[in-house]
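Please look over the structure shown here. A short report on it follows.

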Amino acid sequence: MDKLHLSGLTQTELADFVKNSGEPTFRAKQIFKGLHERRLRSFDEMTDLPKAFREKLNQTATASTLKVESRYISTDGTRRFLMKTRDNLPVETVYIPTENRDTICFSSQSGCPLKCDFCLTAKLGLLRNLTAGEIVEQIIIVLNDVYGVGAETPHGTNLVGMGAGEPFLNYENLIKALEIMSAEDGLFIVPNRVTISTAGIVPKIYEFAKLENRPHLAISLSAPDDELRDKLMPINRRWNIEELFAAAKEFQKSLRRGERFTFEYVLLGGVNDSDEQARKLANLLNRYNLEKVKINLIPHNSAEPLEYHPPGAKQVERFKEILESKGVFAYVRRPRGRDIYAACGQLAAKDAPNLVQLTSEKVKKDKSEKVGTE
Ligand code: SF4
């Protein structure tokens, strides 16, 4: 049987675990700090715990489950990590440094059940949901790699849930991971420093709107009408633009001061980047009075074997100008880590043959567990 992964327990759950082990409750605090504040990856390094307890812990529990298989460093400082779970499934995480802050883009699922046509991860299908512990551990591994075990991060860390997978199809584990990561005695990454991106799981947007302590929300749109969105993001056949925008409107009502709400629009050269499509997009937002939404334009990054190609730089600017001329605020996301296949839509680009092979076997087995739009 798999050992219990303690990095995926909340402080309350850890206190129960320690109590059931017959140890004094303050040991729970020591372990939580060891795992999340000191970012230790084994109980043996927690020398403030008695040796006998560490040995006991090693028999039933574990401090780490993910293994880094490969790591690529881009000329722009971006780092891409290919990790494997205990059951040998791929997890990808990207570290993106900027002048004022660091951002870590984490995965919520291994593979993804949605079939966005412009995304390489989609080719893997869903392997499985990641546990809360596996989500948290990605951040711990990256911070240790960049700064050293337990060292403070100079600018603080922002997180984006935009790696592999659809976060809202792994909602409970995601919310639990966010709670663990926000603890002051631990990583102390509060929801205000986190952005979660969904492809449009409408019921979860309504649920998210009711959350007290929540991260910022981004919705991936990428088309101004149902016909094109059905093709680019088949989730649209389950919840179309009208349903998605009704949920977005409801979410807008729940926005509090300082919260960000964005629509992401992946610009695909010659597919969704025309002047007319820009006007259509602006009209759509205006029709639903989504005046608090900002558009994040993401020029597509080539990722073979996908046939899409990036839009021309001039057209990106034009698209942005048209939106702004109609009162819609837009900004362009600069691609990072292209040379190491770490940019949006490129995850799983390298080592893809292995992963795809692994997927087809695993998917057959897990067919009954599949969630999504197929
Ligand atoms: S873009 Fe996101 S939601 Fe769509 S297939 Fe890729 S990982 Fe899944």
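The report goes from the whole chain to the ligand and then to one pair of helices.

## The chain as a whole

This is a predicted model. The chain has 374 residues, and 56% of them count as buried. Its secondary structure consists of 11 helices and 14 strands.

Take the contacts between residues at least 6 apart in sequence. Of these, 67% join residues at least 24 apart. The accessible surface of the chain is about 16,900 Å². Carbon and sulfur atoms account for 48% of that surface.

## Around the ligand

Which residues surround the ligand? Three are cysteines: Cys 112, Cys 116 and Cys 119. Leu 114, Ala 122, Gly 165 and Ala 199 complete the shell.

By type, the shell holds 6 nonpolar residues and 1 polar residue. No charged residue is part of the shell.

## Helix 6 and helix 8

Two packed helices are described by the angle and the distance between their axes. Helix 6 covers residues 202–209, and helix 8 covers residues 241–253. Their axes come within 9 Å and cross at roughly 5 degrees. Angles under 35 degrees count as roughly parallel, so helix 6 and helix 8 are roughly parallel to each other.

Where do the two helices meet? Helix 6 brings Val 202, Ile 205, Tyr 206, Phe 208 and Ala 209 to the contact. Helix 8 brings Glu 243, Leu 244, Ala 246, Ala 247, Glu 250 and Phe 251. The residues of this contact divide into 9 nonpolar and 2 charged, with no polar ones. The charged residues are Glu 243 and Glu 250, both in helix 8.

Methods: Residues numbered from 1 in each chain as written. Predicted model: local features only at pLDDT ≥ 70, side-chain atom pairs only at ≥ 80, totals over all residues. Heavy atoms only, no water. Helix = DSSP H or I, 4+ residues; strand = E, 2+ residues; numbered from the N terminus. Buried < 20%, exposed > 50% of the residue type's maximum accessible area, 1.4 Å probe, protein only. Contact = heavy atoms within 4.5 Å. Areas by Shrake-Rupley, 256 points an atom, 1.4 Å probe, with all protein chains shown as cover. Near = heavy atom within 4 Å. Axes fitted to C-alpha atoms, helices over the stretch in contact; angles between N-to-C directions. Parallel < 35°, antiparallel > 145°, perpendicular 65-115°, else oblique.
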